[in-house]
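Please open the structure in your viewer and keep the sequence panel beside it. The stops below each suggest a selection and then describe what is found there.

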Amino acid sequence: MSGQATNRQWRLIERPIGMVGVQHFAYREEPAPSAADGEVLVRTLYVSFDPAMRAFLHDRPSYVPPQPVGEVMRAGAIGQVLESKASGFAAGDLVMGGFGWQDYAVANASAGVMKLPPSRPMTDYMSVLGGTGLTAYFGLLDVGRPKAGETVVISGAAGATGSSAVQISRIVGCRTIAIAGGEAKCRWTVEALGADAAIDYKHENLSARLGELAPDGIDVYFDNVGGATLEACIGRMRMHGRIALCGMISTYNDATPTPGPSNLFELITRRVRMEGFLAGDYVPRFAEARRAIEGWIDGGQLKSFVDVQEGFENIPKTFMRIFSGANVGKQTLKIADPPLPVPGQ
Ligand SMILES: NC(=O)c1ccc[n+]([C@@H]2O[C@H](COP(=O)([O-])OP(=O)(O)OC[C@H]3O[C@@H](n4cnc5c(N)ncnc54)[C@H](OP(=O)(O)O)[C@@H]3O)[C@@H](O)[C@H]2O)c1
């Protein structure tokens with residue numbers, strides 16, 4: 001890059017055991033890189049914070065390789081192309097990809113860099129039209145297979161995936177019960193997302209409230225959190241119910257192996273199907289899902305909710321927000337305001 005701008009970065013310096021904290025990351029600066037053939041140089045605008053990033057901090061195999069210690073923290077991001085040596089991309093394009101916790105990244109344009117249409121707010125592609133909206137779409141509709149009129153329960157309901165799942169469940173005509181932490185979040189899931197009822201798992205007896213709100217049982221449980229919440233929902237499933245295992249954030253910071261639900265036998269007696277899924281398995285159908293979601297957005301049925309923090313220095317602190325439950329909707333952090341001046345134009 002001409003002029004050798006400074007590339008601010010946050011790097012992983014130590015693998016956390018137990019709760020991740022700001023002390024596991026260090027601030028570094030180095031000269032901004034330049035694009036080689038086939039690459040784009042991107043200025044990061046918005047960084048995405050995803051619970052799975054905590055899982056990648058472990059030094060053990062998962063569906064993606066562990067985050068290397070000493071390297072820039074990997075993260076999804078939205079950016080603007082400053083320099084392109086790849087066909088199909090030009091300086092000024094808004095793009096999404098794994099640009100990480102840094103100001104500037106070079107990326108192989110054919111490896112997961114997506115050009116964003118300028119017609120919609122770019123943060124929609126981190127929320128309802130991004131990974132979490134697609135996760136909600138496929139997890140709920142393909143794995144949960146709800147029918148209109150059925151009772152759907154969604155945990156982590158005020159978060160990124162949960163807020164999309166609650167709205168989609170409402171759109172397809174299901175009675176939707178949200179589970180979230182705290183009275184304010186619960187009220188928000190009803191007023192902003194259109195849930196029929198909400199349960200504050202931090203202050204209410206979850207199992208008892210599920211019994212009151214779903215006296216005939218749960219048809220579909222969309223699980224974002226695992227642990228005690230999963231156990232309580234298993235205990236309230238209806239005959240031939242479906243559980244879509246999306247994530248288990250309540251366990252990601254556990255220092256020792258998490259005990260499983262003690263009541264799995266109930267899945268047998270009530271013939272419940274419990275199935276894990278990854279949004280990445282549905283890549284060939286992303287266009288179909290985005291068309292449906294865009295239709296709901298344009299029809300005023302579905303909204304994008306984004307929690308935007310600011311300040312490069314606040315990146316590690318913002319990561320902690322998803323584990324403390326501080327976020328409402330999709331957690332992001334804005335590094336720079338677009339559009340940025342494009343060199344040479
Ligand atoms: N399968 C897939 O392909 C896929 C894709 C994306 C995400 N996921 C999973 O989906 C889940 C949600 O991810 P997201 O990106 O949408 O994050 P998110 O829900 O926006 O943020 C995390 C939320 O989880 C809740 N939480 C944090 N610690 C918790 C705990 N110990 N017990 C219960 N709830 C806790 C908090 O809400 P409260 O204030 O309500 O506690 C927090 O706001 C995660 O488990 C993630 O791994 C899976």
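How many of the 10 residues of helix 9 are buried? Select residues 315-324 in this predicted model, and colour them by relative accessibility: 7 of the 10 are buried, so helix 9 is largely enclosed by the rest of the structure. The buried positions are Ile 315, Pro 316, Thr 318, Phe 319, Met 320, Ile 322 and Phe 323. To see what lies over them, add strand 1 (6-12), strand 2 (25-31) and strand 3 (39-48), then helix 1 (52-55), strand 14 (306-310) and strand 15 (330-334), which are included in the cover of these buried residues. Just after helix 9, Gly 325 takes a positive phi of about 80°.

Stay on this stretch of chain and select Asn 327, which sits in the loop between helix 9 and strand 15. With a relative accessibility of 9%, Asn 327 counts as buried, because the cut-off for that class is under 20%. A polar atom of the Asn 327 side chain lies 3.0 Å from the backbone oxygen of Gly 329. If neighbours within four places in sequence are left aside, the contacts of Asn 327 are Ala 158, Gly 159, Lys 185, Asp 307, Arg 321 and Ile 322.

Asn 327 also leads to the next stop, since Asn 327 is listed with Thr 161, Lys 185, Tyr 201 and Tyr 252 as the closest of the 26 residues that surround the ligand. Display the ligand together with Thr 161, and look for the backbone N or O atom of Thr 161 that lies 2.7 Å from a ligand oxygen atom. A backbone N or O atom of Met 248 can be found 3.4 Å from an oxygen atom of the ligand, while in Tyr 252 a side-chain N or O atom is 2.7 Å from a ligand oxygen. Of the 910 Å² of accessible area that the ligand has on its own, the protein covers 89%. Helix 2 (131-144), helix 3 (160-171) and helix 9 are the elements that give two or more residues to the shell around the ligand. By residue class, that shell divides into 14 nonpolar, 11 polar and 1 charged.

Now colour the chain by domain, with residues 6-124 and 304-334 as domain 1 and residues 131-298 as domain 2. The C-alpha centres of these two domains are 27 Å apart, and 23 residues of domain 1 are in contact with 20 residues of domain 2. With the ligand still on display, note that the shell around the ligand draws at least three residues from each of domain 1 and domain 2.

For a stop in domain 1 (6-124 + 304-334), select Gln 9, which lies in strand 1. Is Gln 9 buried or exposed? Its relative accessibility is 1%, so Gln 9 counts as buried. Once neighbours within four places in sequence are set aside, the residues in contact with Gln 9 are Ala 26, Tyr 27, Arg 28, Glu 30, Val 72, Trp 101, Gln 102 and Phe 312. With one of these residues, Gln 102, the side chain of Gln 9 makes a polar contact of 3.1 Å. A C-alpha to C-alpha distance from Gln 9 to Glu 71 gives 9.3 Å, although the two are 62 residues apart in sequence.

The last selections are three arginines. Arg 145, which is placed in the loop between helix 2 and strand 8 (151-154), has a positive phi near 45° and is not a glycine. At 47% relative accessibility, Arg 145 counts as partly exposed. Arg 271, in the loop between helix 7 (265-269) and strand 13 (273-276), also takes a positive phi, about 50°. Finish on Arg 209 in helix 5 (residues 206-213), whose side chain makes a polar contact of 2.9 Å with the side chain of Glu 204. Not counting residues up to four places away in sequence, Arg 209 touches Ala 198, Ile 199 and Glu 204.

Terms used
Residues are numbered from 1 along each chain as its sequence is written. This is a predicted model: local features need pLDDT of at least 70, side-chain atom pairs count only at pLDDT 80 or more; totals for chains, interfaces and linings use all residues. Side-chain values use heavy atoms; hydrogens and water are left out. Buried means under 20% relative accessible area, exposed over 50%, partly exposed in between (1.4 Å probe, protein chains only). Helices (H or I, at least four residues) and strands (E, at least two) are DSSP runs, numbered from the N terminus. Contact means heavy atoms within 4.5 Å. A residue is near a molecule or strand if one of its heavy atoms lies within 4 Å of it. A polar contact is a pair of N or O atoms within 3.5 Å; within protein, one must be able to donate a hydrogen and the other to accept it, and residues adjacent in sequence count only if both atoms are side-chain atoms. Accessible areas come from the Shrake-Rupley method with a 1.4 Å probe; for residues, only the protein chains shown count as cover. Ala, Val, Leu, Ile, Met, Phe, Trp, Tyr, Cys and Pro count as nonpolar, Asp, Glu, Lys and Arg as charged, and the others, Gly among them, as polar. Domain bounds come from an automatic or database domain assignment.
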